[in-house]
Amino acid sequence: MKERWLIIGTDERMKLLAKQLTSKERTIYYKCTTKWDESLNKAILEFHPTIIVLPIQPLKIEVDELYGIRSAQIFAGRIDEHWQKHLQDVKPIYYLQNEAFIWKNAALTAEGFLAHLFVQRVSVQNKKIVITGFGRVAKMLALFLSRLKANVQIAVRSEAQCAEANAYGYEGMLLEADVPCTADLIINTIPTQWLSKEYESWLSCPIYDVASAPGCLNNLVLSQYELLPALPGKYFPQAAANILYETMLDLGRKDKSA
């Protein structure tokens, strides 16, 4: 049976994913939209997809019933409470939770951040750069920046993470308001609003936020702050689409064999 893929989303990587998936074994329908409405339900009734790929950010739901989600294999990115209600009887495959995807996307995020700096003509060599958090994206950023001869310091909220950063060969410090920060620039990877006016010494240099929206600012407006979501799709959409393509096919095969 020929697979019928419905790819949804306005992100360019979704459009490129649809193009890359096109083959003799698959029929692809790409829908460029940010909402699940009557027109999408109509398209599903006409196309009868066997596989539906939802975008990374949750679609706005404008209908009472989502057609096709119980008869198709569902790949989902992030979902909100509205989507949770509609998917409670469905078992989607959450591609953002796949470890291979996470690490590949983290590396591409780090590369996208460097591209952003270079477009702004900001150099990193011999600069003191503080990275807040030490998750996957932070680890890839620290690796790339240290190889470019930046002086990388990791600011984290637990003794365990601080010890981990030190073990990796970076200078670890606790992320606390009374701990002074002297950096040429700060990169935030923590997806919570932690940066408040109490962090006075942290507010005197450029702050780049690569965490998800709304970013790290807590009741602050800073001219030197820049929120940089979706860096892979912005700077390297084809490479980002390649990661999605590899992840979808791998997860699809595993799901069928389970």
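User: How many salt bridges does the structure hold?

Analyst: Nine salt bridges turn up here. Keep in mind that this is a predicted model.

User: OK, which residue does Lys-60 pair with?

Analyst: Glu-62 is the partner, and the closest N and O atoms of the two sit 3.9 Å apart.

User: Is that pair buried or exposed? Start with Lys-60.

Analyst: Lys-60 is exposed, at a relative accessible area of 54%. Glu-62 is partly exposed, with 41%.

User: And what about Arg-70, who does that side chain meet?

Analyst: Arg-70 meets Asp-89 in a salt bridge, 4.0 Å from N to O. The pair links distant parts of the chain, 19 residues apart. Arg-70 is in the loop between strand E5 (60–61) and strand E6 (73–76), while Asp-89 is in the loop between helix H3 (81–86) and strand E7 (93–94).

User: How exposed are Arg-70 and Asp-89?

Analyst: Arg-70 counts as exposed at 55% relative accessibility, and Asp-89 counts as exposed too, at 62%. The cut-off for "exposed" is over 50%.

User: Any salt bridge inside a helix? Say, where do Lys-254 and Asp-250 lie?

Analyst: Both lie in helix H8 (residues 237–257), four residues apart, which is about one turn of the helix. They form a salt bridge with the closest N and O atoms 3.3 Å apart. Asp-250 is partly exposed, with a relative accessible area of 26%.

User: Which residues do shared partners join into one network?

Analyst: Lys-35, Lys-60 and Glu-62 are joined that way, through salt bridges that share partners.

User: Why do side chains pair like this at all?

Analyst: Opposite charges can pair when the charged atoms of the side chains come close.

User: Switching topic: what's odd about the backbone? Which residues does a cis peptide bond join?

Analyst: Ala-213 and Pro-214, with omega at about 10°. Pro-214 is found in the loop between strand E12 (207–209) and strand E13 (225–227).

User: And what about Arg-121, what is its phi?

Analyst: Phi of Arg-121 is positive, about 60°, although the residue is not a glycine. Its place is in the loop between helix H4 (99–119) and strand E8 (128–132), and at 80% relative accessibility Arg-121 counts as exposed.

User: Why point those out?

Analyst: Because most residues other than glycine have a negative phi, and most peptide bonds are trans.

User: Fair enough. Where is Ala-230 found?

Analyst: Ala-230 is in the loop between E13 and helix H7 (231–235). Phi of Ala-230 is also positive, near 55°. Ala-230 counts as partly exposed, at 44% relative accessibility.

User: Zooming out, how many helices and strands are there?

Analyst: The protein chain has eight helices and 13 strands. Its C-alpha atoms fill a box of roughly 60 × 35 × 35 Å along the principal axes.

User: What share of the residues is buried?

Analyst: Buried residues make up 50% of the 258 in the chain. On the outside, the chain exposes about 13300 Å², and carbon and sulfur atoms supply 50% of that area.

User: What about contacts between parts of the chain that are far apart in sequence?

Analyst: Take the contacts between residues at least 6 apart in sequence: 51% of them join residues at least 24 apart.

User: Last one: how far apart are the mean positions of the positive and negative charges?

Analyst: They are 7 Å apart, with 29 positive and 28 negative charges in the chain.

How values were computed: Residues are numbered from 1 along each chain as its sequence is written. This is a predicted model: local features need pLDDT of at least 70, side-chain atom pairs count only at pLDDT 80 or more; totals for chains, interfaces and linings use all residues. Side-chain values use heavy atoms; hydrogens and water are left out. Buried means under 20% relative accessible area, exposed over 50%, partly exposed in between (1.4 Å probe, protein chains only). Helices (H or I, at least four residues) and strands (E, at least two) are DSSP runs, numbered from the N terminus. Contact means heavy atoms within 4.5 Å. Accessible areas come from the Shrake-Rupley method with a 1.4 Å probe; for residues, only the protein chains shown count as cover. Lys and Arg count as positive and Asp and Glu as negative; His and the chain ends are not counted. The place of a charge is taken as NZ of Lys, CZ of Arg, CG of Asp or CD of Glu.
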